[in-house]
Amino acid sequence: IQSTITLNNGTVIPQVGLGVFQTPDGDTTVKAVTAALEAGYRHIDTARIYGNEESVGEGIRRSGVPRGDIFLTTKLWNDDIRAHRAKDAFVESLDRLGVDYVDLYLIHWPADGWRQAWSDMQEIYAAGRAKAIGVSNFQRHHLEELLKDSDVTPAADQIESSPQFANQELVDFAHGLGIAVEAWSPLGGTGGTLLADPRLAEIGAKYGKSPAQVVIRWHIQRGVVVLPKSTHAERIRQNFDVFDFNLAAADMAAVSALETGRRNGADPDDFDF
Ligand code: A2P
């Protein structure tokens, strides 16, 4: 049975969601989303900038799974943050998705203008069109600054996190504030070397699980929401077959020991997009 986390406003989020970054718009995304929903996923994570919101919506409709059973996230893109277009951009995302609400709406990066965006998102939340609101790629200092002028604590911070870059101090800091953490590039990212590490295969062999399943399980047991992406139906199914085993403490520690301290993606304190 899949595990869930209760966000700080009472909304329940399934702990494993399908990520669709770099999943091409059209048939590829429609198929990935339908395969995930057929496999039992009830959580899809997209973003304006991924360019596939229409196909995500199409996949949801084609799956036949009721909208109300699915946790759907999208994100406000940087250009719209800088242009103070949060409210318009949100409606445009709803239109592309073909839904009348999202479960979680996130500020994608701490681009200039994010303070205004956070206040606009509180209005979106108050209107009930996003069941929860949060941020992504916010560092500790961004969260501290946000909370200085806001009574509303973000429900989630979606950040890079994998065994090679656990981002553990930020995870712990967010958790201490009651902010759920969602991991992007949880498997080490496209073209990454993590899954080929023989230590993961060795651990997996003990449980009859693949390296990807070991890593997803590691995320679940450290209490974060994990958003693996794949365009292959077989892998999408495999990545959800993670609720029937438990990594022993020593194996959790062995996965954590793969830390390199190096990011796979952009630095939230130094990005230019
Ligand atoms: P593919 O889409 O070809 O399956 P991330 O860390 O960003 O989620 O990166 C996942 C990367 O790992 C993607 O490139 C994806 O490629 C690949 N991948 C996803 N699931 C599996 C799996 N179960 N086994 C091997 N590779 C996987």
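Two strands count as paired if DSSP finds at least two bridges between them. Keep that rule in hand for this tour of a predicted model.

**Stop 1: the sheet**

Start by selecting the strands. Eight of them form an open sheet. Read across it in the order S3-S4-S5-S6-S7-S8-S9-S10. The pairing is parallel. Which strands sit at the edges? They are S3 (18-19) and S10 (225-226), and each of these pairs on one side only.

**Stop 2: S6 beside S7**

Now select residues 104-107, which make up strand S6. Add residues 133-136, strand S7. The two run in the parallel sense and share 3 bridges. Pick out Ile107 and look across to S7: Val135 stands opposite. Next, click Tyr105. Its bridge partner in S7 is Ile133.

Stay on S7 and turn the view. In a regular strand, side chains alternate between the two faces of the sheet. Are the residues on the two faces of S7 buried or exposed? Ile133 and Val135 lie on one side, Gly134 and Ser136 lie on the other, and all are buried. Both faces of this strand are therefore covered.

**Stop 3: the nonpolar core**

Tyr105 leads to the next stop. The largest nonpolar core has 74 residues. Select Val33, Ala36, Leu76 and Tyr105, the residues with the most contacts inside that core. Then centre on Leu76. Leaving aside neighbours within four places in sequence, Leu76 is in contact with Tyr105, Leu106, Ile107 and His108, among others. Its other partners include Arg48, Ile81, Phe90 and Ala117.

**Stop 4: His108**

Follow that contact to His108. This residue is in the loop between S6 and helix H5 (114-126). UniProt, in an unreviewed entry, places the feature "binding site" here, at His108. Why does His108 count as buried? Because it has 22 C-beta neighbours inside 10 Å, and the cut-off for buried is 20 or more.

Show what surrounds His108. Leaving aside neighbours within four places in sequence, its contacts include Ala47, Ile49, Lys75, Trp77 and Ser136. Ser136 is also one of the buried residues of S7. Now draw a distance to Asp157. The C-alpha atoms of His108 and Asp157 are separated by 9.5 Å, although the two are 49 residues apart along the chain.

**Stop 5: Tyr50 and Gly51**

Move to the loop between strand S4 (43-45) and helix H2 (53-63), where Tyr50 lies. For "active site", an unreviewed UniProt entry lists Tyr50. Tyr50 counts as buried because it has 23 C-beta neighbours inside 10 Å. Leaving aside neighbours within four places in sequence, Tyr50 is in contact with Val20 and Phe21.

Gly51 is found in the loop between S4 and H2 too. Is Gly51 buried or partly exposed? It is partly exposed, with 17 other C-beta atoms within 10 Å. Select Asp25 as well. Gly51 and Asp25 are 26 residues apart in sequence, yet 6.3 Å apart in space, C-alpha to C-alpha.

**Stop 6: the ligand**

Finish at the ligand, with 18 residues around it. Which come nearest? Select Leu187, Thr190, Ala212, Ser230 and Arg235. Then colour the shell by class: 5 residues are nonpolar, 11 are polar and 2 are charged.

Key
Residues numbered from 1 in each chain as written. Predicted model: local features only at pLDDT ≥ 70, side-chain atom pairs only at ≥ 80, totals over all residues. Near = placed C-beta within 6 Å. Nonpolar A, V, L, I, M, F, W, Y, C, P; charged D, E, K, R; others polar. Helix = DSSP H or I, 4+ residues; strand = E, 2+ residues; numbered from the N terminus. UniProt positions renumbered as here; feature names shortened; annotations may be inferred. Buried ≥ 20, exposed ≤ 12 C-beta atoms within 10 Å, placed from the backbone. Contact = placed C-beta atoms within 7 Å. Core = buried A, V, L, I, M, F, W, Y, C linked by C-beta atoms within 7 Å.
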